[in-house]
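User: I've got a model open and I'd like to talk through how its features earn their labels. Can you take it step by step?

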Amino acid sequence: MKTALITGVTGQDGSYLSEFLMGKGYDVHGIIRRSSVDFRERIAHLEGKPHFHLHYADLGDSMSIVKVVDKVRPDEIYNLAAQSHVQVSFDSPEFTADVDATGVLRVLEAVRACHLEKTCRIYQASTSELYGKVEEVPQNENTPFHPYSPYAVAKLYGFWIVKEYREAYDMFCCSGILFNHESERRGETFVTRKITLAAARISQGLQDCLYLGNLDSLRDWGYAKDYVECMWLILQNDKPEDFVIATGVQHSVREFTKLAFHHAGIELEFEGKGIDEKGICVKGPDGLIGKTLVAVSKDFYRPTDVVNLWGDPTKAKAKLGWNPARTSFEELVKIMVDHDMAKVASEGAAAKVRMNLAEYLEKGIVK
Ligand code: NAP
Ligand code: F7E
């Protein structure tokens, strides 16, 4: 039986990857941080299973990583832990650098300190944000990087240190340059989930208006459940290489919003430009017709924004045999809206509490 160690196991990708690897017969170990809340929603269904184990450690604490790596002695490490929110990286740039840049180095050094560098394969969660202020479209493995946020700059260090250790120490370590991938487990302050939850709340009378930032921003959005398979495939390849993982299809935030509201039973028409743009209800429940349900707030503009991400997954298709078209954009939006319609409906009184959070989100107190 193979043993895998996952950092970031409580996150969107960590939870799907755990399920995937357990399905492949792996013994899965995950790193968790101490938190004031004990309930880890995304992995609650896995806790207590015989081949799922959790260990306390932190990517900011070298010794804690060394101790876990030494105890588990994994065949594969998936380094998914990160401060993963781009907007938050402008508010906490030093923390982001410590976890997303130096944290990668700590994992690599832990493997060397435990003398596992010849046996343990390492996957690094890299990102399309490296292309940032893009220099060509679509982006592939040869596209020059131009990171455009503290998050992206930190992740660029992670990418290069992985490449350096591969060449310097002959380690099997590689980066997956993953484009945005979403799901019903996506954090609620990323734009897709913010939209699907708001569409559900608005259609059920629990929120008045959704405030967003740059509606023109373009992304290549895939389904997280499909993408975790690639992480595994990258480590099963015969040699360590970096891969772009994307769908090859691009949409704007505005298009995502229109489609999400459509699935929630509301047709929107957008009017105006920039900060004055509004999404008005033209079809839907009686009380909503003619109302502004989506508006733009400067609170959600970024100091520098990445606006044109579009991935070219040709290499992953050819070398890993990966099918990027498994879940379409339309299916992804529907999966997320269906999930959030049911979630909001089932929350009952608790929906009021979540609505307060939604109001904070609207006002830009939490981005
Ligand atoms: P996520 O949901 O935000 O999960 C991040 C995980 O990292 C959480 O488990 C979090 O733990 C953990 N973490 C944060 N700081 C840590 C620290 N100091 N020590 C240990 N663990 C720490 O992110 P995701 O969407 O699953 O993404 C997974 C990885 O892929 C990240 O590295 C992200 O940057 C990268 N990525 C994501 C996308 C995407 O579209 N989702 C695309 C490209 C790359 P807590 O639960 O305790 O906070
Ligand atoms: O923003 C725009 C925003 O926060 C997408 C992370 O997983 O993917 C993710 O980073 C776009 C940006 O994701 C709002 O300006 C408009 O242009 O959902 P997001 P992200 O920044 O692309 C990459 C690949 C990662 O590696 C990251 O870890 O949407 N946008 N209005 C908004 N974004 C947010 N969050 N909120 C808004 O109201």
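Analyst: Sure. Keep in mind that this is a predicted model. Let's start with a ligand: a nitrogen atom of ligand 2 sits 3.0 Å from a polar backbone atom of T189.

User: What makes that nitrogen atom of ligand 2 and T189 a polar contact?

Analyst: A polar contact needs a pair of N or O atoms within 3.5 Å. The T189 pair comes in at 3.0 Å, so it counts under that cut-off. Side chains join in too: an oxygen atom of ligand 2 is 2.8 Å from an N or O atom of the K194 side chain, and an oxygen atom of the ligand is 2.9 Å from an N or O atom in the side chain of D305. Taken alone, ligand 2 exposes 700 Å², and the protein buries 95% of that.

User: Which residues come closest to ligand 2, and how many surround it?

Analyst: There are 23 around ligand 2, with S84, T127, Y151, S217 and R302 the closest. By class, that shell has eight nonpolar, nine polar and six charged residues.

User: What about ligand 1: which polar contacts does L59 or R186 make with it?

Analyst: A backbone N or O atom of L59 is 2.9 Å from a nitrogen atom of ligand 1, and a polar side-chain atom of R186 is 3.1 Å from a nitrogen atom of that ligand. Taken alone, ligand 1 exposes 900 Å², of which the protein buries 87%. Its shell holds 24 residues, and T10, R33, S84, Y151 and K155 are the closest. The largest share, three residues, comes from β5.

User: How do you know that the length of α1 fits a helix?

Analyst: Compare the expected span with the model. At 1.5 Å a residue, the 12 residues of α1 should span 16 Å, and the end C-alpha atoms are 17 Å apart, so the two agree. Helix α6, residues 191-203, passes as well: its 13 residues should span 18 Å, and its end C-alpha atoms are 18 Å apart.

User: Why is α6 called largely enclosed?

Analyst: Buried means under 20% relative accessible area. In α6, 12 of the 13 residues are buried, so the rest of the structure largely encloses it. K194 is one of those buried residues, and its side chain is also the one with an N or O atom 2.8 Å from an oxygen atom of ligand 2. The case for α1 runs along similar lines: nine of its 12 residues are buried, so it too is largely enclosed. Among them are Y16, L17 and L21.

User: What comes just after each of those helices?

Analyst: A glycine with a positive phi. Just after α1, G25 has a phi of about 90 degrees; just after α6, G205 has one of about 75 degrees.

User: How many aromatic pairs are there, and why is F20 with W232 called edge-to-face?

Analyst: A search of the whole structure turns up 11 aromatic pairs. For F20 and W232, the ring centres are 5.6 Å apart and the planes meet at 65 degrees. Pairing asks for centres within 6.5 Å, and edge-to-face for planes over 60 degrees apart, so this pair is edge-to-face. F20 lies in helix α1 and W232 in helix α7, so the pair ties together parts 212 residues apart in sequence.

User: Is W232 buried or exposed?

Analyst: Buried. Its relative accessible area is 15%, and the cut-off is under 20%.

Terms used: Residues are numbered from 1 along each chain as its sequence is written. Chains are lettered from A and ligands numbered from 1 in the order in which they are written. This is a predicted model: local features need pLDDT of at least 70, side-chain atom pairs count only at pLDDT 80 or more; totals for chains, interfaces and linings use all residues. Side-chain values use heavy atoms; hydrogens and water are left out. A residue is near a molecule or strand if one of its heavy atoms lies within 4 Å of it. A polar contact is a pair of N or O atoms within 3.5 Å; within protein, one must be able to donate a hydrogen and the other to accept it, and residues adjacent in sequence count only if both atoms are side-chain atoms. Accessible areas come from the Shrake-Rupley method with a 1.4 Å probe; for residues, only the protein chains shown count as cover. Ala, Val, Leu, Ile, Met, Phe, Trp, Tyr, Cys and Pro count as nonpolar, Asp, Glu, Lys and Arg as charged, and the others, Gly among them, as polar. Helices (H or I, at least four residues) and strands (E, at least two) are DSSP runs, numbered from the N terminus. The expected span of a helix is 1.5 Å times one less than its number of residues. Buried means under 20% relative accessible area, exposed over 50%, partly exposed in between (1.4 Å probe, protein chains only). Rings of Phe, Tyr and Trp (its six-membered ring) pair if their centres lie within 6.5 Å; planes under 30 degrees apart count as stacked, over 60 as edge-to-face and the rest as tilted.
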